[in-house]
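This report describes selected side-chain contacts, nonpolar cores, a pocket and backbone features of one protein model.

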Amino acid sequence: MIHHGSCHCGKIGVDFETAIALPSIPLRACACSFCRRHAARTATDRNGRVTLTFHEEDVSRYAFGLRTAEFIICRHCGVYVAAVMEGLSTINVNVLDDREVFTQVAASQDYDGELADQRSARRRANWTPTIIAAR
């Protein structure tokens with residue numbers, strides 16, 4: 001199934017393709033201050049696919065901490081859509097049109113103890129293959 005979504009103003013499009021039933025996808029609530037401030041609930045499927053569609057001028061890319069990923073934020077409406085790294089991503093399910101299907105509780109995750117190489121390895125093993133396409 002492909003689940004469509006976007007930032008609030010629609011400048012960043014998201015397609016999340018997964019064979020996992022949405023209520024069964026584990027959700028994470030990262031404990032970092034960025035994700036907490038955005039009330040992000042994130043999901044991945046290493047066997048799925050994410051397509052992010054936008055004009056580069058509509059996106060703000062933000063990196064912090066260990067700088068192992070870039071957070072894709074709409075420059076117009078401020079919505080945090082996804083974090084990307086090396087052709088992989090985790091998406092904020094709150095941007096999906098059918099976000100109300102995600103009724104499971106997001107498990108709190110604290111990654112503060114990870115070193116950069118550990119964090120990158122975990123993401124390579126778990127994040128969703130991602131295509132970034134220009135509009």
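The side chains of Glu114 and Arg119 form a polar contact at 3.0 Å; such a contact is a pair of N or O atoms within 3.5 Å, where within protein one must be able to donate a hydrogen and the other to accept it, and residues adjacent in sequence count only if both atoms are side-chain atoms. The model is predicted: local features need pLDDT of at least 70 and side-chain atom pairs count only at pLDDT 80 or more, while totals for chains, interfaces and linings use all residues. Residues are numbered from 1 along each chain as its sequence is written, and side-chain values use heavy atoms, with hydrogens and water left out.

Glu114 belongs to the loop between strand 10 (107-109) and helix 2 (116-126); helices (H or I, at least four residues) and strands (E, at least two) are DSSP runs numbered from the N terminus. With a relative accessible area of 17%, Glu114 is buried (buried means under 20%, exposed over 50%, partly exposed in between, with a 1.4 Å probe and protein chains only). Beyond its neighbours within four places in sequence, Glu114 is in contact (heavy atoms within 4.5 Å) with Leu66, Arg119 and Arg122.

Arg122 is also among the residues nearest the centre of the largest pocket, together with Cys30, Tyr111, Arg123 and Trp127. Helix 2 gives the most to this lining, with 4 residues. The 31 lining residues divide into 15 nonpolar, 7 polar and 9 charged.

The largest nonpolar core has 23 residues, and Ile12, Val14, Leu52, Val81, Ile91, Leu96 and Phe102 touch the most other members. A nonpolar core is a set of buried Ala, Val, Leu, Ile, Met, Phe, Trp, Tyr and Cys residues joined through side-chain atoms within 4.5 Å. Strand 2 (13-17), strand 5 (49-54), strand 7 and strand 8 (80-85) each supply at least two residues of this core. Apart from it lies another core of 14 residues, including Cys30, Ala69, Leu88 and Tyr111.

Two residues with positive phi are listed below.

| Residue | Phi | Loop between | Relative accessibility |
|---|---|---|---|
| Ala39 | about 50° | helix 1 (33-38) and strand 4 (42-43) | 52%, exposed |
| Arg67 | about 60° | strand 6 (59-62) and strand 7 (70-74) | 58%, exposed |

Neither Ala39 nor Arg67 is a glycine. Most residues other than glycine have a negative phi.

How values were computed:
1 Å grid on protein atoms, 1.4 Å probe; cavity = no way out; pocket = protein on both sides within 12 Å on 5 of 7 lines; lining within 4 Å. Nonpolar A, V, L, I, M, F, W, Y, C, P; charged D, E, K, R; others polar.
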